[in-house]
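Dear colleague,

I am handing over the structure we spoke of, and my notes on what turned up in it follow below. Please read them with the model open beside you.

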Amino acid sequence: MSGWLFTDGGVDGGVDGGVDGGVDGGVDGGVSGGARLTHSFLGRADGQDRAAMGEASVLNGAAFPDGAFAPALRAQAILAEFLATPGWIAASTLPRRPDIDDNVKGWIGDLLQKIPQRQERFSEIHAQARNFTGLFAATVMARGKPATQQLIAIGLAVGHTVGMYWKLKHNSPRPAQFYPGLLPVVPTPPHPSYPSNHALQSYLIANLLGRIYGNDNNVTRMKVLRPLAFRIAENREIAGVHFRKDSDAGRDIADAIAPLLADMQAVKDLIATAKTELGPVVDLGEPPHPSWGEKFKAGNKAPAIGQGGGGQGPGVIET
């Protein structure tokens, strides 16, 4: 994988997926198999271990452990509560994307300029078309941190539903509908283009994780989270399935609804717990910059759209 930010994420995603699938399959198979045992299990043992069905004690007072609640499923409950929050529609309202005017030629031109980047980012683009949350999980080392994992799942679920709400409202065509010659390198998704859900979900996850660190851009991981979201969104443009306008809209919606989401008590509790999962850290400052890393320094601006580049990301890393 060519992107320096994503090697560990790709490996971790593959390993985690394989391990989780194997463990889940083994456990589910074992449990379902055990569920078919008959009363003879308790009636045929020899000696003091012999017992009849009904002699084992009934236990009471237990609660389902938080860490055992699958993050993606628990996120659905948070999503339902968020959708009942007054003001989320008003907060995320966007102007209609101006498809039918001269700007479309400029947007197509921007995507054509990005085509040479497809070869370098090909593996990223295809991996992120299937799953991109592993990149955030790797950045904050979410393995073994249930609250942190839950925040990622909430950003994914809420961002998905809010994005689909506005996609239905605007019903904007995909880039290939304007210019089939773009030949996207991934299948065009079966839903409208505006806003970009990859952008919305990524920026929302970055915002939630950032609150573990106080949303302070001077904290080391905060210097990576938003640029990571920008990279994921930009890859969808390079792939040919989104305009930059779609990505910007996804970012703007995420930034608008994040405070409402973070103000929910359940999310506040998760952020507080995630802070304890993080543990004490000390910022030692930047390491010596390698010669190839000069362009990643803070404050280095990318060329504007139409001037040979893909625009400047909202973070401190030009990608």
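**Cavities and overall fold**

Val140, Lys145, Thr148, Ile212, Tyr213, Ala274, Glu277 and Leu278 line the second largest cavity. Please bear in mind that this is a predicted model. The volume of this second largest cavity is about 30 Å³, and its lining divides into five nonpolar residues, one polar residue and two charged ones. Helix 13, which covers residues 265-278, supplies the largest share of that lining, namely three residues.

In total, the structure holds two cavities of 30 Å³ or more, and the largest of them contains about 50 Å³ of space. Ten residues line the largest cavity, and those nearest its centre are Tyr203, Phe230, Arg244, Ser247 and Asp248. Both helix 11 (222-239) and helix 12 (244-262) contribute at least two residues each to the lining of the largest cavity, in which four residues are nonpolar, one is polar and five are charged.

As for the setting of these cavities, the protein chain has 13 helices and zero strands. Of its 319 residues, 38% are buried, while the chain exposes about 17000 Å², with carbon and sulfur atoms supplying 57% of that area. Among the contacts in the protein chain with a separation of 6 or more, 79% are between residues 24 or more positions apart.

With best wishes

Methods. Residues are numbered from 1 along each chain as its sequence is written. This is a predicted model: local features need pLDDT of at least 70, side-chain atom pairs count only at pLDDT 80 or more; totals for chains, interfaces and linings use all residues. Side-chain values use heavy atoms; hydrogens and water are left out. On a 1 Å grid over the protein atoms alone, a cavity is a set of points where a 1.4 Å probe fits but cannot get out, and a pocket is an open set with protein on both sides within 12 Å along at least five of seven lines; lining residues have an atom within 4 Å of a point. Grid points are joined across faces, edges and corners, and a volume is the space filled by probe spheres set on the points. Helices (H or I, at least four residues) and strands (E, at least two) are DSSP runs, numbered from the N terminus. Ala, Val, Leu, Ile, Met, Phe, Trp, Tyr, Cys and Pro count as nonpolar, Asp, Glu, Lys and Arg as charged, and the others, Gly among them, as polar. Buried means under 20% relative accessible area, exposed over 50%, partly exposed in between (1.4 Å probe, protein chains only). Contact means heavy atoms within 4.5 Å. Accessible areas come from the Shrake-Rupley method with a 1.4 Å probe; for residues, only the protein chains shown count as cover.
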